[in-house]
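Reader: Could you take me through the aromatic rings in this one and how they sit in the packing around them? Please give the cut-offs for your terms as you go.

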Amino acid sequence: MLNYRSGESSFSDTPYFCPPFNSSSDVSTNVTSLQNFNRHSFGSDFVWGTATAAYQIEGAVDRDGRTPCVWDTFSRQKGKIKTGETADVACEFYDRYVSDLHLHKEMGFNAFRFSLSWSRILPDGVGPTQGGRINEAGLRFYDQLIDQCLALGITPWITLYHWDLPQALENLGGWPNRKIVDWFADFADVCTKAFGHKVKHWIILNEPLAFSILGYFTGQHAPGRRSLRNLLPVIHHTTLAQAEGGRIVRRNVPDAQVGTTFSCSPIDPFTPKDQAAAVRVDALMNRLFIEPSLGLGYPKELSFLSGIAKKVAKPGDMERLAFDFDFIGLQHYFRAVVEQSYFMPYIWAKDVSPLRRNVSTLTEMGWEVYPESMYRVIKQFSQYEGIKKIYITESGAAFYDVVERGVVNDVARVTYHQNYIEQVLRAKQEGIPVEGYFAWTFLDNFEWAEGFRPRFGLVHVDFRTQQRIVKASGRWFQQLLTAEQPVAIN
Ligand code: FCB
């Protein structure tokens, strides 16, 4: 399979870049080219946020009526999480959201993206139309979180689904069961009715490719199922739920901006003879979930997808896959280089790892740092006629962080965001409607199958004491976002 989430060099003993300690708390002494741009370069409507996900930060997994999700179950199984950890406690965001949001405000961000834990709101998984309960305490938590955002002048952006399927629904078959489309529609209905009067930015799914393929085909993520048989049903039900969710938000919150997110990477062939392989991987990684939503159907370049129309879809489904989203969220971290492979069923291609290509600019996830790829994905997606607006709903990097005398001088992460954001600006200056950037992520947190070890946060979390330290990268954003004057052009 394409090893697109965890690179082979993850957790190498030699971190990509371990900056020397600098006693100055002024990051501008370490970061030279901040002067290229600041918030004014992007215009006053540009959205600056951080992105988070419920399971990765909240903790409180058995509090106030929340029932288990697939990640609770998965992380308890031996060998599933590299570090053997669970997110039972995580960042204790459930209890600390007030002070955390003050920190978020201090860094200058005007938007906060978070997801709703499905099993906190609907403990039975199913909603009231199918006999399930609504957990008022769960709704209350998010209501207070939203109010806190609004009180601080931070716009809440809600993601309905960021991978934490209620275990009760997985027990009924999970995403391979077609009923998931109705279960999800009910969940979307309850959430939008509860919060739609206050929240006007809604994201339906977080990276459908990741949870469908990693969760049900390769088994690296929860619920850890590996089966060829599941693949087409999971893809199709996800795509249906994506559009159905959009319709529910539109119906219940007519003045909302509705979008959904996609993981994306420019795909380069390793050698000229790998061109066809690159086309197939592009269809899988970049086109599979967006094209049906645009009314273009499933990409023809992947012949196995024709099985959906033949064996999985019901009459009328193909029309139901389309939804007119107001925006799409692109989540971009790295580029991919691929080659032809006869051992990889369906896709006949595999990843050529950065190590094999002698690329040394890697993050701790083993992902290649390649800023221009940000520009390239924006450009690629902007070519679809049906896309009205693009937000970068995630980008960020895990590096080995050192706390010294209370300071985390994460120069590599500053450089990452600076260079990737510069490429967003490049696209924007060409007239592409890219309207926001959400850094992944606010707080160091539970990085799924990798556990707590990779740290992506702008704020360091000591997981023993829950102490927070704003890293140099957080302060860099603060300078960028609170700058009074536009950058002088020489
Ligand atoms: C994205 C996920 C997010 C986080 C980052 C590093 O694919 O949406 O939850 O894991 O990767």
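Author: Let's fix what a ring pair is: two rings of Phe, Tyr or Trp (for Trp, the six-membered ring) with centres within 6.5 Å, called stacked if the planes are under 30 degrees apart, edge-to-face if over 60, and tilted otherwise. This is a predicted model, so local features need pLDDT of at least 70 and side-chain atom pairs count only at pLDDT 80 or more, while totals for chains, interfaces and linings use all residues. Numbering starts from 1 along each chain as its sequence is written, and side-chain values use heavy atoms, with hydrogens and water left out.

On that basis, the whole structure holds 44 aromatic pairs. Among them is W163 with W448, a tilted pair at 4.7 Å centre to centre and 40 degrees between the planes. These two sit 285 residues apart: W163 is in the loop between β3 (155-161) and α6 (167-170), and W448 is in the loop between β13 (434-439) and β14 (459-461). (Helices, H or I with at least four residues, and strands, E with at least two, are DSSP runs numbered from the N terminus.) W163 is buried at a relative accessible area of 4%, and W448 is buried at 2%. Buried here means under 20% relative accessible area, with exposed over 50% and partly exposed in between, using a 1.4 Å probe and protein chains only.

Another pair is F327 with Y391: the planes are at 85 degrees and the centres 5.1 Å apart, so this one is edge-to-face. F327 belongs to strand β7 (residues 327-331) and Y391 to strand β10 (residues 390-395), so the pair ties together parts 64 residues apart in sequence. Both F327 and Y391 are buried too.

Rings also gather in a group: F37, F42, F46, W48, F109, Y437, W476 and F477 make up one aromatic cluster. Two of its members, W476 and F477, are among the buried residues of α16, along with A472, S473, G474, R475, L480 and L481. Helix α16 (residues 472-482) has eight of its eleven residues buried, so the rest of the structure largely encloses this helix. Those buried residues pack against β1 (47-51), β12 (407-408), α15 (411-429), β13 and β15 (468-470).

Y437 turns up again in the largest nonpolar core, which has 161 residues; Y437 and W71 have the most contacts inside it. Such a core is a set of buried Ala, Val, Leu, Ile, Met, Phe, Trp, Tyr and Cys residues joined through side-chain atoms within 4.5 Å. Its largest share, ten residues, comes from helix α7 (residues 180-195).

And what does W71 touch, leaving aside neighbours within four places in sequence? With contact meaning heavy atoms within 4.5 Å, W71 meets Y55, I81, D164, H221, A222, F446 and A449, as well as both W163 and W448. That brings us back to the tilted pair.

Finally, a few rings have a charge over them, meaning NZ of Lys or CZ of Arg within 6 Å of the ring centre and within 35 degrees of the ring normal. One case is R426, whose charged end sits over the ring of Y375, 3.6 Å from its centre. In another, R120 has its charged end over the F141 ring, 5.9 Å from the centre.
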